[in-house]
Amino acid sequence: MNLQQTSTTCMLKGIELDATRSVDLALVPFSAMADDGVIIVEGSKGRRFLQQEDIVHTYRGSVAGEPGSKVFVSVTDSKLNGFISREDGIYWMATNRPQPDAELELLVTHSRDIPAWDVEGVEFCGVVANN
């Protein structure tokens with residue numbers, strides 16, 4: 001994904017849900033900050049002023065061809081995180097670099113395979129698993 005692209009829509013193709021199924025994600029950029037919002041980072045090297053796009057790019061959308069599905073993705077220069085909500089449940093996405101010199105890989109895991117997910121009464125981001 002090109003972080004400098006100014007298009008209003010983008011498509012992430014071939015996201016593998018498992019060994020036999022993949023999906024395409026139709027995404028639109030959005031921001032949770034006001035257009036003139038500024039992030040102030042203070043540290044030992046002083047104060048820095050950043051716009052949201054300097055830190056993270058956020059996208060929402062759906063699985064192509066799956067009405068009712070929901071997708072959220074956040075992207076930085078070095079990481080992608082997000083989730084895909086479909087009829088068969090919620091899938092978590094995250095990039096990982098197993099070794100410092102290894103290529104970045106995308107891991108996609110169904111929520112039923114995450115033991116901590118199944119805590120009664122706990123919801124995440126307003127999304128409730130239907131499995």
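**A walk through an antiparallel sheet**

Let's start in the middle: Arg 60 has Phe 72 as its bridge partner in strand S6. This is a predicted model, with local features needing pLDDT of at least 70 and side-chain atom pairs pLDDT 80 or more, while totals for chains, interfaces and linings use all residues. Residues are numbered from 1 along each chain as its sequence is written, and side-chain values use heavy atoms, leaving out hydrogens and water.

Now step back to the whole sheet. Seven strands (DSSP runs of E, at least two residues, numbered from the N terminus) make up an open sheet, and reading across it gives the order S1-S2-S5-S6-S7-S8-S9. The pairing is antiparallel; two strands pair if DSSP finds at least two bridges between them. At the edges you'll find S1 and S9 (105-110), and each has a single partner strand, so one side of each is left without a neighbour in the sheet.

Moving inward, S2 and S5 run antiparallel and are joined by six bridges. One spot to look at is Pro 29, whose bridge partner in S5 is Tyr 59. Next door, five bridges join S5 to S6, again antiparallel. These two strands form a hairpin with six residues between them, and in the turn sits Gly 65, with a positive phi of about 80°. Carry on to S6 and S7, and you meet six bridges between antiparallel strands; among the residues taking part is Lys 70, which has Ser 85 as its bridge partner in S7.

What about the greasy part? The largest nonpolar core (buried Ala, Val, Leu, Ile, Met, Phe, Trp, Tyr and Cys joined through side-chain atoms within 4.5 Å) has 17 residues. Ile 15, Leu 25, Leu 27, Val 73, Ile 84 and Met 93 have the most contacts inside it. The elements giving two or more residues to this core are S1 (10-16), S2 (22-30), S5 (57-63), S6 (70-75), S7 (80-86) and S8. Take Val 73 as a guide: leaving aside neighbours within four places in sequence, its contacts (heavy atoms within 4.5 Å) include Leu 27, Tyr 59, Leu 80 and Met 93.

Over in S8 (residues 89-96) lies Thr 95. With 10% relative accessibility, Thr 95 counts as buried (under 20% is buried, over 50% exposed, in between partly exposed, using a 1.4 Å probe and protein chains only). Apart from neighbours within four places in sequence, Thr 95 touches Ser 78, Lys 79, Leu 80, Leu 104, Glu 105 and Leu 106.

Finally, the charges. The whole structure holds five salt bridges (a side-chain nitrogen of Lys or Arg within 4 Å of a carboxyl oxygen of Asp or Glu). Glu 66 and Arg 86 make one of them, at 2.6 Å from N to O. Glu 66 is in the loop between S5 and S6 and Arg 86 is in S7, so this pair ties together parts 20 residues apart in sequence. Arg 86 is buried, at 16% relative accessible area, whereas Glu 66 is partly exposed at 23%. Arg 86 also meets Asp 88 in a salt bridge, at 3.3 Å, and Asp 88 is partly exposed at 26%. Salt bridges link both of these pairs into a network of Asp 18, Arg 21, Glu 66, Arg 86 and Asp 88. Elsewhere, the side chains of Glu 42 and Arg 47 form a salt bridge at 3.0 Å, and both residues are exposed.

Note on methods
Helix = DSSP H or I, 4+ residues; strand = E, 2+ residues; numbered from the N terminus.
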